[in-house]
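Let's walk through this one together, starting with the cysteines and working outwards from there. Have the model open and turn it as you read.

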Amino acid sequence: MTLRPGSTELTLEPVHCRPELLDACADLINEQWPRSRASRLHSLGQSSDNFPLCLMLLSSNPTPGAAPIVVGHARLSRVLDQPQSLLVETVVVARALRGRGFGRCLMEGLEVFAQARGFRRLHLTTHDQLNFYAHLGYRLGEPVQGLVFTSRRLPTTLLSAFPRAFPPRPPCNVLSPTAQAAPRAPKGPSLPPPPPLPEPLTSSSLLPARPLPQNLLETQYCDLRGCPIFWMEKDI
């Protein structure tokens with residue numbers, strides 16, 4: 001896919017179609033979110049046409065014969081129970097190239113890419129780029145679950161981690177009523193009777209639950225580190 005923001009010609013290509021650019025793409029992502037190189041390369045290596053799919057925004061290199069420059073990256077995953085939706089993750093543009101419209105170009109390219117494959121909605125999360133995504137037409141939405149595996153069958157390596165059958169439980173030794181010892185009478189003075197149980201609450205006494213605030217300044221959602229995140233979505 002060819003894009004033209006301004007005078008720069010860009011292309012949007014899957015990572016698995018350009019394996020020679022894996023290292024450059026890993027460096028770009030690690031510049032924003034540091035992680036071990038081996039782990040990052042492994043994650044990028046999972047990209048496929050069946051999703052999850054990693055896309056690179058590439059710019060032609062001014063040096064003749066040199067590899068293109070990796071300008072940006074984004075990952076697309078299918079969404080659980082929403083066959084026409086995709087989850088957008090790991091959106092990043094090279095720090096030295098920010099502020100030149102490449103982020104908008106990357107997001108618009110994702111929309112074209114998704115539309116061409118029959119998808120009609122994109123979901124994403126952000127910590128501090130709400131205004132950027134709002135200007136692109138995204139609105140606040142509800143959380144969704146991205147799918148790591150696209151096949152309806154779980155991978156064999158995952159299934160092999162579980163036992164094929166649960167071991168049989170040993171029979172329980174049930175004592176007959178005649179074999180049970182008779183209860184012993186308590187020693188000392190008898191205890192006072194327990195206090196009466198409280199009356200059950202009626203529906204009228206319950207306060208209605210108030211929805212937590214959801215706006216461009218506050219959110220009820222947090223990531224795994226406890227940092228606030230905003231869920232956003234857009235129909236395409």
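## Cysteines, cores and charges

Start with the disulfides: the count comes to zero. C54 is in none, and the nearest cysteine sulfur, that of C25, sits 6.9 Å away. C54 is also buried, at 3% relative accessibility. C222 doesn't pair up either, because its sulfur is 7.8 Å from the closest cysteine sulfur, in C227, which is too far for a bond. Unlike buried C54, C222 is partly exposed, at 48%.

Now step back to the whole chain. Bear in mind that this is a predicted model. The average pLDDT is 82, and 71% of the residues score at least 70. One stretch to treat with care is residues 151-181, where pLDDT is below 50 and the model has four contacts beyond near neighbours in sequence. Residues 203-208 also stay under 50, with one contact beyond four places in sequence.

As for the fold, you'll find five helices and nine strands. Reading from the N terminus, the order is β-β-α-α-β-β-β-α-β-α-β-α-β-β. Of the 236 residues, 31% are buried. Take the contacts between residues at least 6 apart in sequence: 63% of them join residues at least 24 apart. The chain exposes about 16,700 Å², with carbon and sulfur atoms supplying 57% of that.

What holds the middle of the picture? The largest nonpolar core has 43 residues, and L57, L76, V88, M107, L110 and Y138 touch the most other members. Helix α3 (residues 102-116) gives the largest share of this core, seven residues. Pick L76 and look around: beyond its neighbours within four places in sequence, its contacts include F51, L53, L55, V88, L110 and F113. Apart from this core lies another one, of six residues, with V144, Y221, I229 and W231 among them.

H123 is a good next stop. This residue is in strand β6 (residues 121-126), and it counts as buried because its relative accessible area is 2%. Past its neighbours within four places in sequence, H123 is in contact with V79, Q82, S85, L86, L87, V88, V144, M232 and E233. So V144, a member of the six-residue core, and V88, from the 43-residue core, both show up around H123.

On to the charges. Side chains of opposite charge can pair when their charged atoms come close. This structure holds twelve salt bridges. In one of them, R37 meets D27, with the closest N and O atoms 2.5 Å apart. R37 lies in helix α2 (residues 37-44) and D27 in helix α1 (residues 22-32), so the pair ties together parts ten residues apart in sequence. R37 is partly exposed at 36%, and D27 is partly exposed at 40%.

Another bridge joins R75 and E89, at 3.6 Å. Here the link is between strand β4 (residues 69-79) and strand β5 (residues 82-93), with the partners 14 residues apart. R75 is buried at 17%, whereas E89 is partly exposed at 30%.

Finally, go back to strand β6 for R121, which meets E233 at 3.7 Å, N to O. E233 belongs to strand β9 (residues 228-235), and the pair links distant parts of the chain, 112 residues apart. R121 is partly exposed at 26%, while E233 is buried at 11%. The pair is part of a network of salt bridges linking R121, R139, E233 and D235. E233 is one of the contacts of H123 too.

Notes:
Residues numbered from 1 in each chain as written. Predicted model: local features only at pLDDT ≥ 70, side-chain atom pairs only at ≥ 80, totals over all residues. Heavy atoms only, no water. Helix = DSSP H or I, 4+ residues; strand = E, 2+ residues; numbered from the N terminus. Buried < 20%, exposed > 50% of the residue type's maximum accessible area, 1.4 Å probe, protein only. Contact = heavy atoms within 4.5 Å. Areas by Shrake-Rupley, 256 points an atom, 1.4 Å probe, with all protein chains shown as cover. pLDDT = per-residue confidence, 0-100. Core = buried A, V, L, I, M, F, W, Y, C linked by side-chain atoms within 4.5 Å. Disulfide = S-S within 2.5 Å. Salt bridge = Lys/Arg side-chain N within 4 Å of Asp/Glu carboxyl O.
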